[in-house]
Amino acid sequence: MHDQERDVASALAPILARWRNDPTALVQILRETQEALDWISPQAIEFIRRALALPHAKIEGVAGFYSFFYTRPRGRYRVLFADNIVERMQGGAALLERMCRNLWVEQGKVSEDGLVSVDTTSCIGMSDQGPALLVNNLSVPNLDEARVDRLCELIRGAVPLADWPAELFAVADNVRRRDVLLDAGLRPGDALRAARARIDRVGTEASNTRSWREGLPQGVAGPAALIDELRRSGLRGRGGAGFSTALKWDACRNAPVPEGGCRIVVCNADEGEPGTFKDRVLLNSHADLVFEGMTVAALAVGARRGFLYLRGEYRYLLDKLEGVLARRRAAGLLGPAILGMAGADFDIEIHVGAGAYVCGEESALIESLEGKRGTPRNRPPFPVTHGYLGLPTVVDNVETLACSALIALNGGDWFAGIGTEASTGTKLLSVSGDVAAPGVYEFPFGVTVAEVLEAAGARDAQAVQVGGPSGTCVGEAEFGRRIAFEDVPSAGAFMVFDRRRDMFEVARNFAHFFAHESCGFCTPCRVGTSLLKNLMDKLANGHGSPYDFAEIEKMNHILQQMSHCGLGHSACNPVLDTIARFRPAYERRLSNRSFEPAFDLDRALAPARQMTGRDDAGAHLAIHGEEAK
Amino acid sequence: MSQTFTLDGEEIPFRDGQTIIQAAHDAGRWIPHLCYHPEFKPHGSCKLCTVTVNGRHMASCTTQAAAGQTVESDTEALNGERRTLLQMLFVEGNHFCPSCEKSGDCKLQATAYELGMMTPHFDHFYPSRPVDASHPEVLLDFNRCILCSLCVRASRDVDGKCVFALSGRGIGTKLVVNAASGRLADTDAAIGDKALEVCPVGVILKKRRGFAVPIGERTYDKAPISETEE
Ligand SMILES: Cc1cc2nc3c(=O)[nH]c(=O)nc-3n(C[C@H](O)[C@H](O)[C@H](O)COP(=O)(O)O)c2cc1C
Ligand code: SF4
Ligand code: SF4
Ligand code: FES
């Protein structure tokens, strides 16, 4: 026991020192604790409690919120298979079973020797190279039987992760089509130098005295010139909502800063929408462009602190990104007096998430940055006036910020000339599923679904889920529609399903996703997403009736009208979209009555069969109308 | 020159900074609610207080009143939606009203009566939520927790403690107490704490006092919640 306490102390002391015993870094401290000790033990919680002077319940509350935090032992190797529908189509489930068999471990449990656990997680941003898994939060893509067997050997041999062959962790960018963004080829600092040139002398001086923190009077050049460029560009947020970036930055710049505070720029790299992975590629190969965009935003709004909120699934990118930040500091592109501009002080800190899709919602993200449970806030006030620690805060998507850097360099008019009138610029699409060449495709806005399908080599597509589960399901008759805010908006996902696929199963997978990711704050979504999941499972088990369609409609109404945030609002979309377009996929599952109870005695006996290790005919009741059809 | 909005057609005056539910309450109008309590910062989570403001659904406990708003609350459509929320709260926990000490004093039960909820409608989830009887004076029966966080706020904002907190996520969200052991007896909870008084349902119960007031003579036995509530 004493030894254990000493181990905990020696592991945690440097972590707490690195985060300056700061309670707002609690999520980061817990994440590093988990990495160091393989779980967050009671002793670790006690140590953190003392160091941060936080109540035990608060730490337990935060630790209990995030999927990647374990307050019970979870094995030295924690394997999580991505359970997105695309990975399912790629055979992920069979590989998971193979691994469980190989390692003698039951899914969701820890092996008897405490070595390993195997379970599933939501999409990990690798659907272009799936099936994929995370082992201790590091990504292993391109799984097949041989690779899974290899992983099993390494785990059984208790080989430390650091000694695993690097090629297991190799992630490809898979960029298939480049346009202005991916082709930009900016050198670090180019956009900032252009921005500085645009800010004339008067503006720079004014920025020292006024605009930097308080905003400039209308009409005076200076950092305001940047926002003017942005306004001319027509740039709209790439994270989903499509809000005007210039309006957001302007609102933040004009928001008063409390005494002793500063403005904040946050890059939203949570990329949690299943089937989306374009931010992964930007961060891996264009990190300078993203950080440059953040710095442009800081110049424009007068921010001194920046955060990159990196989803936990992209933990493998952390060291590389820290390296880019260090290089930029050394080059005078971050830190005090950027490019020698007096008053232009700005630096960026990286926070890593821990498996919670809802933390992509900007106010939940801010809560997480503050070391709390990722619960969306009541709004108003909005983050632009009361964000991180109550300070004016801009939260923008990775791609939005990369575009901002390009606009600072090339001007707003140039950008506005690309795409459509209401949707300027290009869009990165994460194309996955039934296509010959999955990967990232950059197209000007206004491209049709059919053109993207053609480019990606899709044959026989029957549907595309644009924008992920919370987006839109587009059927064949609509392939002429355009990717644009005014037609089919997309936060980036473009999942293709050919005619072999059962669209009911697609929707059911998404219903499970929302139930798993609901934060649990509000009644309609906390309970409604589980009820919807149960309804879909009831249909899948052959116990559906036309009555259940009405139930789904009702659930949709409650979720849309009464939920607290966008997760709940869109949780029924994929089900309704597929009912509208692929009703036969549902009707095949209906039994002929108007009502069917969800309860099934034979299914209820499954745990008994499992306990007795039986699955023969004698262990089943006569099955009623449940042939696998 | 006081400002007003309309609530179901009736002019309601309000002061700057008031929420819709506060102004309605001052005017003697009841809007169903569970996680709202006039003494605490609004939480906005149960959504029972949802009204329409100029046609849009909004939680009235977190929405500021503004001049000229057209607010609807006591409509069949909204009460129907509220019944569904109540049904959700009933099936996600384990509520057996006939055997519950709080019966007759429970706001969940009283609101369900008021809004005419006849059945739970959905299949029950039957979650497993162990009872905590460790404390000599107080019993915690988590089976009935609706996660309104009133105890959390009362402990933090009034008692200056942190006896309760929410943990878990999604349908697994749960109330925890401030002790490594997970037992209320090992926290600094004490009789007299506001946190032990505010639970709208039958989770936080004083021991040996359950039936001091007989069933039939309790708060909502005598008058419906719409006429009783603070
Ligand atoms: C449940 C939910 C999840 C979200 N996830 C993300 C995300 O992963 N990345 C992102 O950029 N925006 C996400 N958003 C949108 C953000 O709330 C916010 O609108 C966005 O970061 C603003 O940046 P933009 O204006 O550049 O798009 C999400 C929203 C919701 C409701
Ligand atoms: S809608 Fe869902 S995710 Fe959003 S606050 Fe409510 S429970 Fe949380
Ligand atoms: S114990 Fe009572 S007061 Fe506390 S969250 Fe649960 S229902 Fe609300
Ligand atoms: S009373 Fe307003 S949301 Fe609960």
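**Exercise 1. Work out how much area is buried between chain A and chain B, and which residues of chain A lose the most.**

Step 1: Start with the total. About 3,000 Å² is buried between chain A and chain B, where buried area is the accessible area (1.4 Å probe) that two parts lose on being put together, summed over both. Carbon and sulfur atoms give 59% of that area.

Step 2: Now look at the side of chain A. A:T523, A:R526 and A:M562 lose the most area to chain B, together 21% of what that side buries.

Step 3: Count who takes part. Chain A brings 39 residues to the contact and chain B brings 35; contact means heavy atoms within 4.5 Å.

A quick word on the ground rules: this is a predicted model, in which local features need pLDDT of at least 70, side-chain atom pairs count only at pLDDT 80 or more, and totals for chains, interfaces and linings use all residues. Residues are numbered from 1 along each chain as its sequence is written, chains are lettered from A in the order in which they are written, and side-chain values use heavy atoms, with hydrogens and water left out.

**Exercise 2. Find a salt bridge that crosses from chain A to chain B.**

Step 1: Know the rule: a side-chain nitrogen of Lys or Arg lies within 4 Å of a carboxyl oxygen of Asp or Glu.

Step 2: Apply it across the interface, and you get 2 salt bridges. One of them pairs A:E517 with B:R169, with the closest N and O atoms 3.3 Å apart.

**Exercise 3. Compare the settings of two salt bridges inside chain A, A:R232 with A:E229 and A:K278 with A:D279.**

Step 1: Take A:R232 and A:E229, which meet at 2.8 Å, N to O. Both sit in helix α10 (residues 223–233) of chain A, 3 residues apart, about one turn of the helix. Helices here are DSSP runs (H or I, at least four residues), as are strands (E, at least two), numbered from the N terminus.

Step 2: Check their exposure, using under 20% relative accessible area for buried, over 50% for exposed, and partly exposed in between (1.4 Å probe, protein chains only). A:R232 is partly exposed at 42%, while A:E229 is buried at 11%.

Step 3: Turn to A:K278 and A:D279, whose side chains also meet at 2.8 Å, N to O. A:K278 is buried at 1%, and A:D279 is buried at 2%.
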